Amino acid sequence: MTSAAPQERGPLASSMEAAQRFLDSFLREFPGPLSPEAALPWKVLGAPLSQEEVEGELIELALGLLSSRNALLPLACSLTHEAVTQLLQADLSVFRQLPKQEKVDQEEEEEEEDGVSVSLLDAESLQRYFFNKLWEVCSQWQKQMPAHSRCASHPWLTSIHAIRNTRRKMEDRHVSLPAFNQLFGFCDQVDRAYFAVFDGHGGVDAASYAAVHMHVNVARHPEVTRDPAEALQAAFKQTDEMFLRKARREKLHSGTTGVCAFLVGRTIHMAWLGDSQVMLVQQGRALVLMEPHKPERQDEKERIEALGGFVSFMDCWRVNGTLAVSRAIGDAFQKPYISGEADVASHDLTGTEDYLLLACDGFFDSVPHDEVAGLVRDLLVQSEGSALRIAEELVAAARERGSRDNITVLVVFLRDPQELLKDWIPEAADAQ
């Protein structure tokens with residue numbers, strides 16, 4: 001009798017086994033829902049939440065918890081999506097606090113009336129309810145994994161590094177979300193991935209807020225599947241408006257520039273406010289896809305002056321003698337001179353693009369666009385095609401060239417670095 005040859009398991013079977021192992025481990029750690037007295041397994045959100053903030057904040061908590069327990073990102077996103085969806089279908093009025101009066105300074109926000117009533121939800125009780133909803137989903141999926149949780153995502157190779165540098169505080173934030181479809185329930189066979197860098201100033205609140213809510217606002221825009229660029233642009237405006245409401249409630253004064261890249265099928269859609277930037281390298285050449293918003297730009301200077309503001313040079317060009325950027329999320333005390341209106345651009349991919357790079361001004365002020373491709377090429381040659389530390393080495397290069405600012409670099413490879421190496425060094429191709 002001839003025994004059958006062992007069959008090789010495919011990636012789907014392997015991922016299903018990994019998912020089962022994770023769920024088993026998670027439910028051993030948390031054998032049941034949390035009691036009212038039990039501590040929450042994450043850093044508790046202290047401030048009350050508005051209804052529009054619930055989805056983003058709970059997504060952030062769930063992804064942080066599941067990732068800290070080594071859940072694969074697609075599974076973590078799918079579990080989070082299911083738990084958040086179930087929670088949002090519930091009646092959340094039971095978590096409502098007594099209405100607060102939002103005090104509005106007439107000088108800062110002339111279009112608003114004093115005493116705007118806002119309905120807020122108690123954050124701690126809502127989080128406890130949400131964790132128990134997440135636990136229920138994990139328990140159900142341990143018994144039977146639903147088919148929709150198996151939606152595939154493109155395995156984007158990324159390299160990310162961020163440092164405080166010589167600044168007193170780290171005010172940059174970044175987002176890498178290759179499993180965008182799983183997180184928001186898209187199963188239409190169109191690959192989607194979202195990447196962003198936010199460079200805060202005057203505190204980290206605005207940057208942190210944008211990193212939590214921007215991609216939610218993109219996903220929930222009604223035109224996201226038909227016009228992703230419009231969804232990106234609208235998401236910047238919505239996030240700015242949301243943060244300004246929070247800033248008035250909590251007396252926050254920070255702001256943030258930002259740049260987002262939304263890969264949809266074979267097109268990259270980009271949106272930006274301020275001087276954080278995205279660049280594309282194609283066959284070793286840097287392509288200029290955007291122009292950052294700076295006060296000295298002629299059209300920005302004219303816009304600010306038309307509103308009654310001014311641009312002056314005080315160690316660098318500044319708006320009204322304060323901020324060195326002309327567009328940002330937040331900065332309530334400088335609206336409308338500091339605009340929350342993002343610019344957008346789209347670029348169709350041909351398959352010849354090497355990588356996408358997003359970074360804050362702490363990088364680009366020290367490393368010009370036309371030098372990036374050469375730096376990355378040299379680093380890949382030195383590492384024999386390993387991309388893991390590319391962002392770290394780029395950050396080091398900016399620091400060596402004198403950058404003292406926070407630095408964040410996020411590289412998304414659009415081709416396998418080993419293939420890039422073979423293009424650059426014929427000997428590498430001959431050796432394989």
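A residue counts as buried when its relative accessible area is under 20%. The exercises below apply this term and others to a predicted model.

**Exercise 1. Determine how strand β8 is placed with respect to the rest of the structure.**

Step 1. Strand β8 comprises residues 255-264, and 10 of the 10 residues are buried.

Step 2. Consider each face in turn. In a regular strand, side chains alternate between the two faces of the sheet. On one side of β8 stand Gly255, Thr257, Val259, Ala261 and Leu263, and on the other Thr256, Gly258, Cys260, Phe262 and Val264; all are buried, and both faces are thus covered.

Step 3. Because 10 of the 10 residues of β8 are buried, the strand is largely enclosed by the rest of the structure.

**Exercise 2. Identify the strands joined to β8 and how many bridges each pairing has.**

Step 1. Begin with β7, which pairs with β8 in the antiparallel sense over 10 bridges. Within this pairing, alanine 196 stands opposite cysteine 260 of β8.

Step 2. Turn to β9 (residues 267-273), which runs antiparallel to β8 and is joined to it by seven bridges. Here cysteine 260 stands opposite alanine 271. β8 and β9 form a hairpin with two residues between them, and glycine 265 in the turn has a positive phi of about 60 degrees.

Step 3. Add β14 (residues 329-330), joined to β8 by two bridges, again antiparallel. Threonine 256 stands opposite isoleucine 329 in this pairing.

**Exercise 3. State the strand order of the open five-stranded sheet and locate its edges.**

Step 1. The order is β5-β17-β16-β10-β11, with antiparallel pairing.

Step 2. An edge strand pairs on one side only; this applies to β5 (157-163) and β11 (285-287).

Step 3. On average, neighbouring strands of this sheet are turned by 20 degrees against each other, direction ignored.

Step 4. Inside the sheet, six bridges join β10 (residues 277-282) to β16 (residues 353-359). Leucine 280 stands opposite leucine 356 of β16.

**Exercise 4. Classify the aromatic pair of phenylalanine 180 and tyrosine 194, and then that of phenylalanine 363 and phenylalanine 364.**

Step 1. A search of the whole structure finds 15 aromatic pairs. A pair of aromatic rings is described by the distance of the centres and the angle of the planes.

Step 2. For phenylalanine 180 and tyrosine 194, the centres are 6.5 Å apart and the planes stand at 35 degrees, so the pair is tilted. Phenylalanine 180 belongs to helix α5 (residues 180-184) and tyrosine 194 to strand β7 (residues 192-201), so the pair ties together parts that are 14 residues apart in sequence. Both phenylalanine 180 and tyrosine 194 are buried.

Step 3. For phenylalanine 363 and phenylalanine 364, the values are 5.2 Å centre to centre and 75 degrees between the planes; the pair is edge-to-face. Phenylalanine 363 and phenylalanine 364 are also buried.

Step 4. Aromatic residues also gather in a group: Phe22, Phe26, Phe30, Trp42, Phe130 and Phe131 form one cluster.

**Exercise 5. Describe the largest pocket by its volume and its lining.**

Step 1. The space in the largest pocket is about 950 Å³.

Step 2. Its lining has 29 residues, of which Glu57, Glu60, Arg173, Ser208 and Val212 are the closest to the centre.

Step 3. Elements that each supply at least two lining residues are α2 (54-68), β6 (172-177), α6 (205-219) and α7 (228-250).

Step 4. By class, the lining has 15 nonpolar, seven polar and seven charged residues.

How values were computed: Residues are numbered from 1 along each chain as its sequence is written. This is a predicted model: local features need pLDDT of at least 70, side-chain atom pairs count only at pLDDT 80 or more; totals for chains, interfaces and linings use all residues. Side-chain values use heavy atoms; hydrogens and water are left out. Two strands pair if DSSP finds at least two bridges between them. Helices (H or I, at least four residues) and strands (E, at least two) are DSSP runs, numbered from the N terminus. Axes are lines fitted to C-alpha atoms, for helices over the stretch in contact, and angles run from 0 to 180 degrees between N-to-C directions. On a 1 Å grid over the protein atoms alone, a cavity is a set of points where a 1.4 Å probe fits but cannot get out, and a pocket is an open set with protein on both sides within 12 Å along at least five of seven lines; lining residues have an atom within 4 Å of a point. Grid points are joined across faces, edges and corners, and a volume is the space filled by probe spheres set on the points. Ala, Val, Leu, Ile, Met, Phe, Trp, Tyr, Cys and Pro count as nonpolar, Asp, Glu, Lys and Arg as charged, and the others, Gly among them, as polar. Rings of Phe, Tyr and Trp (its six-membered ring) pair if their centres lie within 6.5 Å; planes under 30 degrees apart count as stacked, over 60 as edge-to-face and the rest as tilted. Buried means under 20% relative accessible area, exposed over 50%, partly exposed in between (1.4 Å probe, protein chains only).
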